[in-house]
Every structure is written in structure tokens, then in C-alpha cells.
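Here is a short tour for you, with the sequence and model side by side. Have them open as you read, and follow along at your own pace.

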Amino acid sequence: MKHTVVIPLYNKEAYIYDTIRSLAFQEKKVSELIIVDDCSSDLSLVYLKDALSFFSPQFLQTDVQIIELEENKGPSNARNIGIELATGDLISFLDADDCYLPTCLHDSSSMMEEENLDVLILGILLLPSNHYLPNIKSFEKEMIPFSEELFLIPDPLHTISSPDFIMGFGSNVVIRKKHLEDIFYERDVSISEGIDLWYRVLKKLPQRSRVGLLNKACIEVREVEGSLSRISPTDWKAIEIPIIIKRYRKSSNRYDQQLMGMYSQRWLEHAMERLPSWQQKGLFIFNHFTLLVKNSYYLKRRNS
């Protein structure tokens, strides 16, 4: 199967060489590589072209496209452009400061073909902490093993709301392109946009679709201070209500409520970790108290 990889690029001059190198030495060559430069203001674009030139022998079988945007519009817009241009049977997204491990494309393609999977979620290794995700212990009973590493997820709309499950973090999803024909990342959203997209995808999958988890490190995700998810705001108001909670806060659907419950917990943990003072933390809780309590009930009901 042809595999398209989309890289949104913005000010990653320190990392883009390693990202391209990780693609150059995949056991299975990437069929199509689309890099969307989101109007970088550093030397990312120069280093990208240098890396592609240096590794050009490794990309002889790859159709490489570089899209240079004239205005910075965020990673969701860049990924959406990649979706529109992609022609592969499979598509995945790779952040410009992350790397695929050498067997990533081979394993994902062969396992999806052998087990007739529509979506495959990949394990990630955080660096430099060397912390592996996901920890499947809390939701292992919700899956059916194909092997020691590969699992079928019979009810992904339920499993995605497990606090230890990760989908969209580190762009750890490979999907058959046909399932992304009319679904795109929400523009102007930079936090939780990944899980928001993939949950909407799961809800629209045909009834007999098959979703799997490859529980091994396939992607190295850098823990980079200054990235959007690691910015520490000085005011509680700067931590917006996540798009997932805005979208489903009036929903009576059980899965929507479970997802809100799980993500509300992550939102609260993020605020408590990033806000600079107890006063700001208290203001955050006070102003979102009703929402946090209601969503914690949904999570408690999910886990009971």
C-alpha cells in the first residue's frame, strides 16, 4: 500500500534534519512525502531542503512535495493542506521535531494489510524522559490481542476515553486515506486538535471498520519546552476550554460525555501544572467548577 506522510513545519530548524533522516532510513520507503512550511521565520526551510538533498538517494522512490505558505496559519491548516494533496492508500502525520523508528512504516503497513485494519494507533517514546506511552494496563481488557504487540480495539469510541489511552498525541495514528475524505483538523485550534479530529473520524467510520493498537515504540516524540502544549501561561484565562468540551458540552451521547470526562481531567492537570501561582490555580477551578464537577462524574461513570 502507498503511504503518504505529511509534515507540518514551523520554526523547527534544530530538529527537521533528524526528522527527515528518520524517514530516509525506513525499512519500507515512504511513497509520498508532503512538507507544508507554515511560513517559518527561522532557517527550517533551508535545513529541510539541505536534508532532502543530502538524503536524495534514499528518496528516489518517494514523491516529495514542499508547500511554502506565505502566511502562518497554524499546524491544523498545514495538516489539512496535506490531507487534500495526499494520494496514498495510507496517511500519517509526523511533527517536524519527532522521528519515526526504522520499522514504523513497514510495521504499520504490513499489520494493517494482514489484519484488515482501517486505523492503527502507534506507541510513542517520549525523549529525553524515555517514558513510553500508552500504559495499557488500565484498558487491556477492552482489547483483543492479535499478538504480544498488536491488539484489536472492538469499541474504540469507549476505549479512547480511557485516561491512559493516547490518540493524536505525537501524531500517532495511521489511517486509510479514504476515511479522511471529508474530515479535517479544526482550524485555529492548537490544543487537543488531534484527539478532536480522531474522535470525529472514529464516529464516522463504517460499522465493520477495524481499529488496532501497535503497542511498541514506533515514534520518538521530543519533549520540547516552548512547544504549544508546554507553554506556561501567566493568567488562568489563557487556558481556554478545549475544543472537545466546547463541541460536546450539551451532548447526551454516552461516548461524548465519557470523552469530555477524560479530557476535562487532562485539562485540569495541565492547568495545575502550568499556572504559576496558587491564586491563578484557584481562579481556574473557581471559574470552571461546575463544568469540572459535571465532567468528573462522566469519567467516574465511565470507569465504574
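The notes below cover nonpolar cores, cis peptide bonds and positive phi angles. Please keep in mind that this is a predicted model. Its largest nonpolar core has 55 residues, and Met-167 and Trp-198 touch the most other members.

**Nonpolar cores**
- Helix 8, spanning residues 254–274, gives the largest core its largest share, with 7 residues.
- Leaving aside residues up to four places away in sequence, Met-167 touches Val-119, Ile-121, Ile-160, Asn-172, Val-173, Gly-194, Ile-195, Trp-198 and Leu-202.
- A second core, separate from the largest one, holds 38 residues, among them Val-5, Leu-120, Leu-133 and Leu-214.

**Cis peptide bonds**
- Leu-127 and Pro-128 are joined by a cis peptide bond with omega of about 15°. Pro-128 sits in the loop between strand 6 (119–127) and strand 7 (131–133).
- Leu-133 and Pro-134 are also linked in cis, here with omega of about 5°. You will find Pro-134 in the loop between strand 7 and strand 8 (144–145).
- Leu-133, on one side of that bond, is also a member of the second core.

**Positive phi outside glycine**
- Asn-116 has a positive phi, near 55°, although this residue is not glycine. It belongs to the loop between helix 4 (104–114) and strand 6.
- Asn-130 is another non-glycine residue with positive phi, in this case near 65°. Look for Asn-130 in the loop between strand 6 and strand 7.
- Is Asn-130 buried or exposed? Asn-130 counts as exposed because its relative accessible area is 52%, and the cut-off for exposed is over 50%.

Key:
Residues numbered from 1 in each chain as written. Predicted model: local features only at pLDDT ≥ 70, side-chain atom pairs only at ≥ 80, totals over all residues. Heavy atoms only, no water. Core = buried A, V, L, I, M, F, W, Y, C linked by side-chain atoms within 4.5 Å. Buried < 20%, exposed > 50% of the residue type's maximum accessible area, 1.4 Å probe, protein only. Helix = DSSP H or I, 4+ residues; strand = E, 2+ residues; numbered from the N terminus. Contact = heavy atoms within 4.5 Å.
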